[in-house]
Amino acid sequence: MKTVSAYALRLGDNGLVLSQRLGAWCGHAPELEIDLALANIGLDLLGQARNFLTYAAEREGEGDEDTLAYGRDERQFRNVLLVEQPNGSFADTLVRQYLMDAWNVALYERLIHSSDGQIAAIAAKAIKEARYHLRFSRGWLVRLGDGTEASSQKMQQAVNGLWRFTAELFEADDVELALVDSGVAVDPRTLREPWESEVFAGLHEATLSVPDEAAYRTGGKKGLHTEHLGPMLAEMQYLQRAYPGQQW
């Protein structure tokens, strides 16, 4: 079923792109402990991406995880827009991570019951990691949001700037809807309530405000990305593009 491979592909792309973003912090984070934590979270996400992309390639009947990661152009990626947003300041990275972690936990808690055994197995492993990621990002959200005046201001600015990209997390399209009735996929519209419950509580604890601006940016799942994904993919794919098929 082509829609199963398409669904696995987009889940893999979410993890792959966010993992690449976190990897850029290696050696640049404000503290060694945070540096290592972000690197480990990035590796967790990369592992999830590999599992989903491998399964997508198997269902498609051609290529493998490397083909999908390094052989596609920007318009062929199906990740949500939120994960491709640039690292910016440490506040931007933490808020982006928190918003995605809350969504991943809500998603995987339901996806472990998928009627597709492989997707359910990947989700069962991923949920353990996602819960740790959420504890980490919420902890820092509260620490900095309820910290100094300067840290609180930066965190609020990050929330305000990234909020517009959250609408896509709950947008259902033909790929998902085709798999919901058979129990393979999760209807993203059902994720809004648990996501908002977590995020609103987290922002309140961090003494941060939910933005008044409505979230509206979508298109990533259709291959319509922001200007930030292309340059990131050019860097990520450089070696395989320059030396196709090489192993080292």
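Glu198 forms a salt bridge with Arg138, and the closest N and O atoms of the two residues are 2.9 Å apart. The pair links distant parts of the chain, since Glu198 belongs to helix α9 and Arg138 to helix α6, 60 residues apart. The model described in this report is a predicted one.

## The surroundings of Glu198

Helix α9 covers residues 192-205 and includes Glu198. The relative accessibility of Glu198 is 18%, so this residue counts as buried, because buried means under 20% relative accessible area. Its partner Arg138 has a relative accessible area of 21% and is therefore partly exposed. When residues up to four places away in sequence are not counted, Glu198 touches Tyr98, Ala102, Leu134 and Arg138. Arg138 thus appears both among the contacts of Glu198 and as its salt-bridge partner.

## Salt bridges

The structure holds 13 salt bridges. The table lists some of them, including the pair described above.

| Salt bridge | Closest N and O atoms |
|---|---|
| Arg10 and Asp173 | 2.9 Å |
| Arg50 and Glu65 | 2.5 Å |
| Glu198 and Arg138 | 2.9 Å |

Arg10 forms a salt bridge with Asp173. This pair also joins distant parts of the chain: Arg10 lies in helix α1 and Asp173 in the loop between α7 and α8, 163 residues apart. Arg10 and Asp173 are both buried. Furthermore, a network of salt bridges links Arg10, Asp173, Glu176 and Lys221.

Arg50 forms a salt bridge with Glu65. Here, Arg50 in helix α2 and Glu65 in helix α3 are 15 residues apart, and the pair is again a link between distant parts of the chain. The relative accessible area of Arg50 is 46%, so Arg50 is partly exposed. Glu65, in turn, counts as buried because its relative accessibility is 18%.

## Empty space in the model

A probe the size of a water molecule, rolled over the atoms, shows where empty space is left. A search of the whole structure finds 3 cavities of 30 Å³ or more. The largest cavity holds about 90 Å³ of space. Two elements, α1 and α5 (90-111), give two or more residues to the lining of the largest cavity. The lining consists of 13 residues, of which Tyr7, Arg10, Leu11, Trp103 and Glu176 lie nearest the centre of the cavity. Helix α1 provides the largest share of this lining, with 4 residues. Arg10 and Glu176 therefore have two roles in this description, because a salt-bridge network includes them and they also lie among the lining residues nearest the centre of the largest cavity.

The largest pocket contains about 400 Å³ of space. Its lining is made of 22 residues, and those nearest its centre are Leu16, Ser19, Gln20, Leu46 and Met236. Four helices each supply at least two residues of this lining: α1 (2-23), α2 (32-60), α3 (65-70) and α10 (229-236). Helix α2 contributes the largest share of the pocket lining, 7 residues.

## A nonpolar surface patch

Tyr238, Leu239 and Tyr243 make a nonpolar surface patch of about 350 Å². Leu239 is found in helix α11, which covers residues 238-242. With a relative accessible area of 43%, Leu239 is partly exposed.

## Residues in loops

Gly147 lies in the loop between α6 (117-145) and α7 (149-162). Its relative accessibility is 44%, so Gly147 counts as partly exposed. Gly147 and Asp181 are 34 residues apart along the chain, and their C-alpha atoms are separated by 46 Å.

Arg164 is placed in the loop between α7 and α8 (174-180). Arg164 is partly exposed, with a relative accessible area of 26%. Its neighbours within four places in sequence being left aside, Arg164 is in contact with Ala215, Tyr216 and Arg217. Arg164 and Thr218 are 54 residues apart in sequence, while the distance between them in space is 8.8 Å, C-alpha to C-alpha.

Thr207 is located in the loop between α9 and α10. Its relative accessibility of 46% means that Thr207 counts as partly exposed. Most residues other than glycine have a negative phi. The phi of Thr207, however, is near 55 degrees, a positive value in a residue other than glycine.

Note on methods: Residues numbered from 1 in each chain as written. Predicted model: local features only at pLDDT ≥ 70, side-chain atom pairs only at ≥ 80, totals over all residues. Heavy atoms only, no water. Buried < 20%, exposed > 50% of the residue type's maximum accessible area, 1.4 Å probe, protein only. Contact = heavy atoms within 4.5 Å. Patch = residues over 30% accessible without salt bridge, like charges linked within 9 Å, V, L, I, M, F, W, Y side chains within 5 Å. Areas by Shrake-Rupley, 256 points an atom, 1.4 Å probe, with all protein chains shown as cover. Salt bridge = Lys/Arg side-chain N within 4 Å of Asp/Glu carboxyl O. 1 Å grid on protein atoms, 1.4 Å probe; cavity = no way out; pocket = protein on both sides within 12 Å on 5 of 7 lines; lining within 4 Å. Points joined across faces, edges and corners; volume = space filled by probe spheres on them.
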